[in-house]
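Thanks for asking me to look this one over. Here are my notes, point by point, to read alongside the model.

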Amino acid sequence: MISATLALLLALSPVAAIEIPKNFLLIERDARKKLGPMQVDEEGYTISDKLTAPLELNPCHHKRATDRDRVAARTITHWTSAPSGSSEQLVLYKSSRAAHTALTRLRADVKRCARRSSPSQPRLKIQWRTSQAKAGDEAVGMGYQTRQGGSVNQTITGIVARRGSALMIYTTDEGFYDPGRLTKNARKMAVKVCQLPGVC
């Protein structure tokens, strides 16, 4: 009788929310290390678990997430005094379909907002592009260049990949546009997310 009651309670209890474990992202251990006094002026990290954070690749400058059915997220950004910057983002959704929809909408945003001026700097022109990529179940290389007066100011390279119900994004502003160099990270995380319950 007791075992039957316990089984019924377990069956009726809500499913535990999926969480991203601490130090799960590829750069997270480094991001959580305390920097020495000589380092704090040379580099830094920010870590956020906000579900409302926009995707790190954000062609239309959304201030908040526009995709739906997120269950967990973690975004890590890294800056140096070079100056340079990079980021890693993992977003988990309720289903593979929801993650696929998020990636589809991101592709549509690139087409819709491929050429835009920066809201804060109207003279700064932004041009987005995409390229083929192979990682996880589906992936796309993505990034942009900023131009002013005909000269290139900055190049951002990114890759976004989906594995099951997870979306992972890697970006860097170092070097030329070349999403292929970020494929290794995306593939590694595409394998790793399958350790999380229900993702794959």
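1. A residue counts as exposed when its relative accessible area is over 50%, and as buried when that area is under 20%. Please keep in mind throughout that this is a predicted model. Glycine 149 has a relative accessibility of 82%, so it falls in the exposed class. You will find glycine 149 in the loop between S6 and S7. Its C-alpha atom is 8.3 Å from that of leucine 124, although 25 residues separate the two along the chain.

2. Now for a contrast in strand S7, where threonine 155 lies. With a relative accessibility of 10%, threonine 155 counts as buried, because the limit is under 20%. The side chain of threonine 155 also makes a polar contact with the side chain of glutamine 145, at 3.4 Å.

3. Which rings form the aromatic pair, and why is the pair called tilted? The structure holds one such pair. The partners are tryptophan 128 and tyrosine 144, with ring centres 4.7 Å apart; their planes meet at 40°, so the pair is tilted. For reference, planes under 30 degrees apart would count as stacked and those over 60 as edge-to-face. The pair brings together distant parts of the chain, since tryptophan 128 belongs to strand S5 (residues 125-132) and tyrosine 144 to strand S6 (residues 138-148), 16 residues apart. Both tryptophan 128 and tyrosine 144 are buried.

4. There is a ring with a charged neighbour to look at as well. Lysine 192 sits over the face of phenylalanine 24, 4.8 Å from the centre of the ring.

5. Next, the enclosed space. The structure holds one cavity of 30 Å³ or more, and the largest cavity has a volume of about 130 Å³. Its lining is made of 14 residues, and Leu55, His62, Thr66, Leu106 and Asp109 are the closest to the centre. Helix H3 (residues 96-112) gives the most to this lining, with four residues. By class, the lining of the largest cavity has six nonpolar, three polar and five charged residues.

6. On to the open spaces. The largest pocket has a volume of about 410 Å³. A total of 19 residues line the largest pocket, and those nearest its centre are Glu56, Leu57, Tyr144, Ile156 and Thr171. Tyr144 is thus a name you have met already, as one partner of the aromatic pair. Strands S2 (70-80), S3 (84-93), S5, S7 (151-163) and S8 (166-172) each give two or more residues to this lining. The largest share, three residues, comes from S3. The lining of the largest pocket divides into seven nonpolar, 10 polar and two charged residues.

7. Which residues line the second largest pocket? The full list is Leu26, Ile27, Tyr45, His78, Ser86, Ser87, Glu88, Tyr170, Thr171, Thr172, Leu182 and Asn185. The volume of the second largest pocket is about 190 Å³. S3 and S8 each supply at least two residues of its lining. By class, five of the lining residues are nonpolar, six are polar and one is charged. Thr171 deserves a second look, as it is listed here and is also among the residues nearest the centre of the largest pocket.

Notes:
Residues are numbered from 1 along each chain as its sequence is written. This is a predicted model: local features need pLDDT of at least 70, side-chain atom pairs count only at pLDDT 80 or more; totals for chains, interfaces and linings use all residues. Side-chain values use heavy atoms; hydrogens and water are left out. Rings of Phe, Tyr and Trp (its six-membered ring) pair if their centres lie within 6.5 Å; planes under 30 degrees apart count as stacked, over 60 as edge-to-face and the rest as tilted. Buried means under 20% relative accessible area, exposed over 50%, partly exposed in between (1.4 Å probe, protein chains only). A charge sits over a ring if NZ of Lys or CZ of Arg is within 6 Å of the ring centre and within 35 degrees of the ring normal. On a 1 Å grid over the protein atoms alone, a cavity is a set of points where a 1.4 Å probe fits but cannot get out, and a pocket is an open set with protein on both sides within 12 Å along at least five of seven lines; lining residues have an atom within 4 Å of a point. Grid points are joined across faces, edges and corners, and a volume is the space filled by probe spheres set on the points. Ala, Val, Leu, Ile, Met, Phe, Trp, Tyr, Cys and Pro count as nonpolar, Asp, Glu, Lys and Arg as charged, and the others, Gly among them, as polar. A polar contact is a pair of N or O atoms within 3.5 Å; within protein, one must be able to donate a hydrogen and the other to accept it, and residues adjacent in sequence count only if both atoms are side-chain atoms.
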